[in-house]
Amino acid sequence: MSRQTILTAIRRGLKRGPLPADQMAMLRGRLTQHPRHLIPARSHLPHPEQVDLFTRNVEKEFGSVAHVPDMNAVPGAVTDYLAAQNLPGSVIMAPHPELQAIPWSVRPLLEIREGRAQGTDAVSVQHGFAGIAETGTLMLPSAPERPVTLNLLAETEIVVLRTSAIVGAYEEAWDRLRTELGAMPRNVMLITGPSRSADIEQTLELGAHGPRRLHIVLVEG
Amino acid sequence: MHIATSPAFKENAHQALSNAGLQKALARSGPSFIARRAAAVAGMPEFETLRDTARDIKNHALANLDFYLEAYEAKVLATGGKVHWCSTADDARQAVLAICQAAGARTVTKGKSMIGEEIAINDHLERHGITPVETDLGEYIIQLRHELPSHIIAPAFHLNMEDWEAAFRKAHTDLPADRTFTERRDVLNEARTKLRGKFLAADVGITGANFLIAETGSSVIVTNEGNGDLTQTLPRVHIVLASIEKCVPTLEDATSLLRVLARSATGQDFSVYTTFSTGARRPGDLDGPEEYHVVLIDNGRSAMFGTDFQEMLRCIRCAACMNHCPVYGAVGGHAYGWVYPGPMGSVLTPSLIGVDKAGHLPNASTFCGKCESVCPVRIPLPKLMRHWREREFERHLNPATVRAGMAFWGFFARRPALYRLATRAAAVGLGLFGRRKGRFGRMPLAGGWTSGRDLPAPEGDTFFARYAKAQRAGQVQ
């Protein structure tokens with residue numbers, strides 16, 4: 001009942017009935033074509049410079065980035081980061097084929113479990129779908145192989161991202177998502193740096209409810 | 001329902017001006033918001049064009065809102081979610097309670113939601129034996145102190161470190177009494193520890209929505225803490241509270257609005273967590289809610305279509321208007337007496353609770369125009385406040401003295417020659433009387449002005465006379 005009341009009231013205010021068929025067709029076309037608006041020039045760059053811009057923006061937002069030449073170098077990069085932060089060598093990892101293919105056994109002291117995160121997990125390793133240079137933002141769509149809790153519950157989140165997954169603007173990441181995943185995933189997180197709050201005296205403090213640290217292992221290729 | 005104290009705006013404002021803690025908080029936080037927005041805007045050369053785009057997107061969405069809401073609903077249903085259409089706050093409260101009861105909920109975690117404040121959902125759940133837990137840090141302390149937020153993006157804007165310590169010591173009695181709060185970090189860590197268990201134990205999570213997207217059936221939340229994401233990911237049931245005007249057509253439209261939202265609000269280029277939720281947990285997913293409900297709320301908005309106030313529905317709740325408002329900066333948010341303070345509240349509140357209750361709010365403006373100059377969707381806030389003043393006057397809601405004063409001024413204003421003569425006489429007369437000191441410490445009929453400051457004595461001619469002289473000299477057109 002409310003549904004019809006609300007729609008009728010909107011139409012009455014707009015001084016019309018339901019839209020005529022041709023206008024509805026036009027709006028449906030707009031939904032299907034989802035035209036872009038102005039995209040700021042800052043990310044219109046050759047790809048290597050987009051990677052640099054992405055890195056600079058992540059660091060500006062209190063995240064950190066380690067560049068490695070290939071996937072074989074990821075276990076070393078993760079182990080080194082954990083040691084430098086004085087964190088335990090036990091991680092919960094997204095069950096993503098690209099992460100599973102990494103030769104983790106070269107670092108036997110690193111304990112890897114796969115699945116979603118629980119409240120007790122200290123470090124998570126997530127698979128990065130895209131990086132957006134414009135603001136140093138990660139795009140992490142949910143999937144069985146990319147659980148959302150890995151982005152939220154651990155104190156430290158490590159994201160493995162390929163440089164080829166870095167794009168300039170958000171719109172390019174949406175297009176990649178539409179092309180590669182088809183339908184909209186249940187959850188898409190755009191993450192820019194680690195959790196923070198400015199609710200106490202309007203002064204920024206890192207480490208609110210989400211991860212206190214966000215580290216990106218950026219893999220060439 | 002929160003009892004609106006908007007009718008008592010004048011008394012509220014007086015109390016606010018003599019509230020030392022509030023004045024300390026306002027003096028500290030006001031300028032920093034302004035500086036941070038200015039820096040973010042300076043870093044985005046296309047910002048003014050992005051504001052035009054944002055305005056046009058919202059105008060297009062509103063002009064076709066019936067179509068987009070139906071398209072949105074179809075997508076939510078197709079992705080396994082449910083939409084509950086609610087005309088009134090009462091409908092919305094009942095819908096939320098019914099979902100919680102069907103889920104057998106005992107505790108409910110909540111992300112920050114202004115529409116949740118508007119429908120006073122927490123009180124309603126508590127009355128029915130369900131415990132709501134606010135998880136945004138600012139909302140958490142507001143809940144502990146049984147207050148309303150004083151700002152739409154910084155609920156605890158009015159509080160200082162000593163208030164945080166006092167509230168936490170009072171509420172967290174299980175923690176050692178001799179613990180110290182020397183830094184803000186100590187407060188943050190205690191809240192994190194306390195709330196982590198609540199996140200994990202909650203049966204239902206309630207969030208608001210910054211946008212709804214017709215193309216995909218998604219709801220969007222924007223946070224820095226990650227509390228909204230924990231709220232909507234961990235419990236078995238996710239409820240989204242959203243008002244109808246949040247609906248935009250596509251991901252591209254939402255993206256363009258997001259480009260101006262964080263910059264206008266906190267001065268960030270982008271918030272830490274911008275999350276798009278679409279339906280319930282999918283086959284094979286290891287986490288996420290099993291039920292996804294959208295409680296779609298009108299509560300007075302559809303009646304704003306086709307009126308002077310339709311433009312207000314473009315508002316994306318960034319708070320730039322209140323951050324830049326000299327009145328908000330002097331009295332804070334609580335003086336406004338209801339959910340939405342500052343210039344956007346002065347326009348929206350009379351629409352939602354009636355101009356008879358909230359007529360003081362559009363009068364609490366200097367018409368400096370700063371709010372309109374920073375609004376990311378270019379809402380002409382001063383013009384809309386003026387519309388409310390006209391309606392208040394037409395409906396004879398102002399006190400007799402105000403009406404008499406207006407009539408007195410109106411008599412002269414309609415007779416320009418007489419007006420100039422009278423103002424000239426006043427300027428010359430006051431100039432002569434005040435010549436010695438150059439100011440007046442007291443003035444009949446202007447006690448409200450002179451009790452707080454001196455009235456400068458006129459130093460010569462009227463504006464009209466000087467303007468005419470400048471024109472003759474060819475200095476102005």
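Colleague: I am new to this one, so let us start with chain A: what percentage of the 221 residues in chain A is buried?
Modeller: Welcome! Keep in mind that this is a predicted model. Chain A has six helices and 12 strands, and its C-alpha atoms fill a box of roughly 70 × 40 × 35 Å along the principal axes. Of the 221 residues in chain A, the buried share is 48%.

Colleague: And chain B, what percentage of its 477 residues is buried?
Modeller: Chain B has 23 helices and 12 strands. The C-alpha atoms of chain B occupy a box of roughly 85 × 60 × 45 Å, again along the principal axes. Among the 477 residues of chain B, buried ones make up 51%.

Colleague: What is the radius of gyration of chain B, and what does the globule rule give for 477 residues?
Modeller: Happy to compare the two. Chain B is as compact as a globular protein of its length, because its radius of gyration is close to the value from the globule rule. For 477 residues that rule gives 23 Å, while the radius of gyration of chain B is 25 Å.

Colleague: Where do the chains meet, and which helix gives the largest share of the side of chain B that touches chain A?
Modeller: In the contact between the chains, 76 residues of chain B meet 60 residues of chain A. The chain B side divides into 29 nonpolar, 29 polar and 18 charged residues. Its largest share, eight residues, comes from residues 184-201, which form helix α10 of chain B.

Colleague: There is a sheet with strands from both chains; which strands are its edges?
Modeller: This open sheet has eight strands with mixed pairing, in the order β8(A)-β5(A)-β6(A)-β9(A)-β9(B)-β6(B)-β5(B)-β8(B). An edge strand here pairs on one side only. That description fits β8 (166-167) of chain A and β8 (247-248) of chain B.

Colleague: Following that order across the chains, which residue in β9(B) is the bridge partner of A:Ile191?
Modeller: Look at strand β9 of chain A, residues 187-191, which is joined to β9(B) by five bridges. These two strands run antiparallel. The partner of A:Ile191 in β9(B) is B:Tyr273.

Colleague: Which residue in β8(B) stands opposite B:Leu212?
Modeller: Strand β5 of chain B, residues 211-213, pairs with β8(B) in the parallel sense over two bridges. Helix α12 of chain B, residues 251-265, lies across both of these strands as well as β6 and β9 of chain B. Opposite B:Leu212 in β8(B) is B:Cys247.

Colleague: Let us look inside that helix: is B:Glu252 buried or exposed?
Modeller: B:Glu252 sits in helix α12 of chain B. Its contacts reach chain A, including A:His34, A:Arg36 and A:Trp174. There are 23 other C-beta atoms within 10 Å of B:Glu252, and a count of 20 or more is the cut-off, so B:Glu252 is buried.

Colleague: How far apart in space are B:Glu252 and B:Ile213?
Modeller: Along the sequence, 39 residues separate them. From C-alpha to C-alpha, the distance between B:Glu252 and B:Ile213 is 9.8 Å.

Colleague: One last spot: at what angle do the axes of α15(B) and α19(B) cross?
Modeller: Helix α15 covers residues 342-353 of chain B and helix α19 residues 381-394, and their axes come within 9 Å. Residues such as B:Met344 and B:Val347 in α15(B) meet a group in α19(B) that includes B:Leu384 and B:Trp388. The contact residues divide into eight nonpolar, one polar and no charged. The crossing is left-handed, at roughly 40 degrees.

Definitions and conventions:
Residues numbered from 1 in each chain as written. Chains lettered and ligands numbered in written order. Predicted model: local features only at pLDDT ≥ 70, side-chain atom pairs only at ≥ 80, totals over all residues. Axes fitted to C-alpha atoms, helices over the stretch in contact; angles between N-to-C directions. Helix = DSSP H or I, 4+ residues; strand = E, 2+ residues; numbered from the N terminus. Left-handed = near helix turned anticlockwise from the far one by under 90°. Contact = placed C-beta atoms within 7 Å. Nonpolar A, V, L, I, M, F, W, Y, C, P; charged D, E, K, R; others polar. Pairing = 2+ DSSP bridges. Buried ≥ 20, exposed ≤ 12 C-beta atoms within 10 Å, placed from the backbone. Rg over C-alpha atoms; globule rule 2.2 N^0.38 Å. Lists of a residue's contacts leave out its neighbours within four places in sequence.
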